[in-house]
Amino acid sequence: MATDAGDPASRSRPLADPLSAPLTDPPPAPLSVSGPGPLPGPGPRSAARLRFPDGFLWGVSTSAHQIEGAAGEREPSVWDVFTAGPGRVKDGSTAAVACDHYHRYREDVALLAGLGVDAYRFSVSWPRVNSPGGLDFYDRLVDELCAAGVRPVPTLFHWDLPASLDWMDRDTAERFAAYVSVVAGRLGDRVTKWITLNEPAEHTLLGHALGAHAPGRRLLFDALPAAHHQLLAHGLAVRALRAAGAQDIGIANSHSPTWPASGSPADVEAADFYDLLLNRLFADPLVLGAYPEGVGELMPGDVAADLKVISEPLDWYGVNYYAPARVGAPRDTETEFGGLTLPPGLPFSLREIEGRPVTDFGWPVVPEALTELLTDLSARYGERLPPLVVTENGCSYEGVDDQDRIAYLDAHISAVHAALEAGADVRGYFVWSLMDNFEWAEGYTRRFGLVHVDHVTQRRTPKASYHWFRELLRAPR
Ligand code: FCB
């Protein structure tokens, strides 16, 4: 297993040196270094009045570690190890019980059926599949979903790596493909849409570079092999899925339109760098089969051969969107931003987006940035971009009469519609999340659900937003 020390050669590498080379090589242009600009807001339109294309897929998302609980009935994941350490999770909680979905999945599928969604995006826990009886759980869940008329859309990795494995090791990618074959062999007769990985960018950045998430590494740019190995795992998984006869395969990548803090060259350069790190580092190899200029040299192994695997054609490309980023020139002191401690020496600094309402998480509400993101992806990658699906979008607010969430979702669904009108090929939209759950380093302090969960009694209470979304789905289209 790799350690925080990394290999001495890469440790002695100047932090930003190879990456600070001019990030030219257009086309394609940077994904989204534009700015608040004159984009129209969603205005008073109501999503219920908008027409979406036939077959547009409406769903909600969750992930295994955040809802299942029953931690004693599977081998440990890196998140179990991480949360056992002091001071890692805001409220000192763990996901040992979470929403107890493992035992209450029938009730939760009934909530999905009542909501009237076409599809349910959940994740399969690799540590559970490794444990006796683990795959039986997903077998039962998929049966229950099919019986309820809800299409199962499993994500094969949503951050809960078996504790014995490490994304800094190349071998983990091969093991992932073997695990994926087992899952596909068992569920492939009923599952018709698949997601390989969730947000390798956040898992790399928060988990391996900054240490805010499991496995808690602070490797900064020495974390890049974890990104490469996840991308390789994705490509190998696509091949394994197709070998098992699976179709309709995608990935869920996080994206944030990135806006420079000002027009100054230093701010624009910093924003371009951040855009590369968060948006292009993962999308370029998947869609174009190449890393952005200057990055490939930093990756381990036979990168050219790996890129052929990584760029196995996808049937669709999933986008998780919450908020844009405003990025300025570096600051030479440690800074706090959105609950993150950013070390000095990073080649950018994160800034507030002023004049916007914020969610309870402090994330700014900027729906038009979702339109910008979807249209920019389409413009940047053109015909090479597979159809898009918004695989996560949502907000944390307290309360069961959650009018703020309704406003957020209404504006963001309208923003997806605006992207469709502008020519982006968007095929679906999934709300994060079906129910309040274990929000990683924030524990149970953030509530993203359409359904309120009392984390003491496990009582589920549909919120106003659940009823609103149900009516939206029923509206004639
Ligand atoms: C995303 C994660 C998801 C959830 C939301 C709020 O980055 O994929 O599990 O935590 O953020």
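**Exercise 1. Y321**

Task: decide whether Y321 is buried or exposed.

Solution. Y321 has a relative accessible area of 0%, so it is buried. The cut-offs: buried means under 20% relative accessible area, exposed means over 50%, and partly exposed lies in between, with a 1.4 Å probe and protein chains only. Next, place the residue. Y321 sits in the loop between β7 (317-320) and β8 (325-328). Helices (H or I, at least four residues) and strands (E, at least two) are DSSP runs, numbered from the N terminus. Finally, take a distance. The C-alpha atoms of Y321 and L141 are 27 Å apart, and the two residues are separated by 180 residues along the chain.

The model is predicted: local features need pLDDT of at least 70, side-chain atom pairs count only at pLDDT 80 or more, and totals for chains, interfaces and linings use all residues. Residues are numbered from 1 along each chain as its sequence is written, and side-chain values use heavy atoms, with hydrogens and water left out.

**Exercise 2. Parallel strands**

Task: trace the pairing from β1 through β2 and β3 to β4.

Solution. Start with β1 (residues 57-61). Strand β1 runs parallel to β2, and 3 bridges join them. Two strands pair if DSSP finds at least two bridges between them. G59 has A119 in β2 as its bridge partner.

Move on to β2 (residues 119-123). Strand β2 pairs with β3 in the parallel sense over 5 bridges. Y120 faces P152 in β3, and F122 faces P154 there.

Then cross to β4 (residues 194-198). Strands β3 and β4 are parallel and joined by 2 bridges. Here F157 is opposite L197 in β4.

Now the connection. Strand β3, helix α7 (residues 171-187) and β4 form a right-handed β-α-β unit. Right-handed means that, with the strands pointing away from the viewer, the path from the first strand over the helix to the second runs clockwise.

**Exercise 3. Cover on β2 and β3**

Task: explain why β2 counts as largely enclosed, then find how many residues of β3 are buried.

Solution. Count β2. Because 5 of its 5 residues are buried, β2 is largely enclosed by the rest of the structure. Sort its side chains by direction. A119, R121 and S123 point one way, Y120 and F122 the other way, and all are buried. Count β3 (residues 151-157). This strand is mostly covered, with 6 of 7 residues buried.

**Exercise 4. The ligand site**

Task: identify the residues around the ligand and the polar side-chain atoms close to its oxygens.

Solution. Collect the neighbours. They are Q66, H158, W159, N198, E199, Y322, E392, W432, E439, W440 and F448. Each has a heavy atom within 4 Å of the ligand. Now check polar contacts, which are pairs of N or O atoms within 3.5 Å; within protein, one must be able to donate a hydrogen and the other to accept it, and residues adjacent in sequence count only if both atoms are side-chain atoms. A side-chain N or O atom of Q66 is 2.8 Å from a ligand oxygen. H158 places a polar side-chain atom 2.8 Å from a ligand oxygen. For N198 the distance is 2.9 Å. Close with the area. The ligand alone exposes 300 Å², and the protein buries 95% of that. Accessible areas come from the Shrake-Rupley method with a 1.4 Å probe; for residues, only the protein chains shown count as cover.

**Exercise 5. Backbone exceptions**

Task: find the cis peptide bonds at P215 and S433 and the positive phi values at A98 and E199.

Solution. Recall the background. Most residues other than glycine have a negative phi, and most peptide bonds are trans. Take the bonds in turn. A214 and P215 are joined by a cis bond with omega about 5 degrees. P215 lies in the loop between α8 (200-209) and α9 (224-243). The W432 to S433 bond is cis too, with omega near 15 degrees. S433 lies in the loop between β13 (426-432) and β14 (451-453).

Turn to phi. A98 has a positive phi near 45 degrees. The residue is in the loop between α3 (78-84) and α4 (101-115), and is buried at 2%. E199, not a glycine, has a positive phi of about 40 degrees. E199 is in the loop between β4 and α8 and is buried at 6% relative accessibility.

**Exercise 6. Cysteines**

Task: count the disulfides and explain why C395 forms no bond with C99.

Solution. Apply the rule: a disulfide is a pair of cysteine sulfur atoms within 2.5 Å. The count is 0 disulfides. C99 is in none, and its nearest cysteine sulfur, that of C395, is 17 Å away. C395 cannot bond with C99 because 17 Å between the sulfurs is too far. Check burial last. C99 is buried at 0%, and C395 is buried at 1%.
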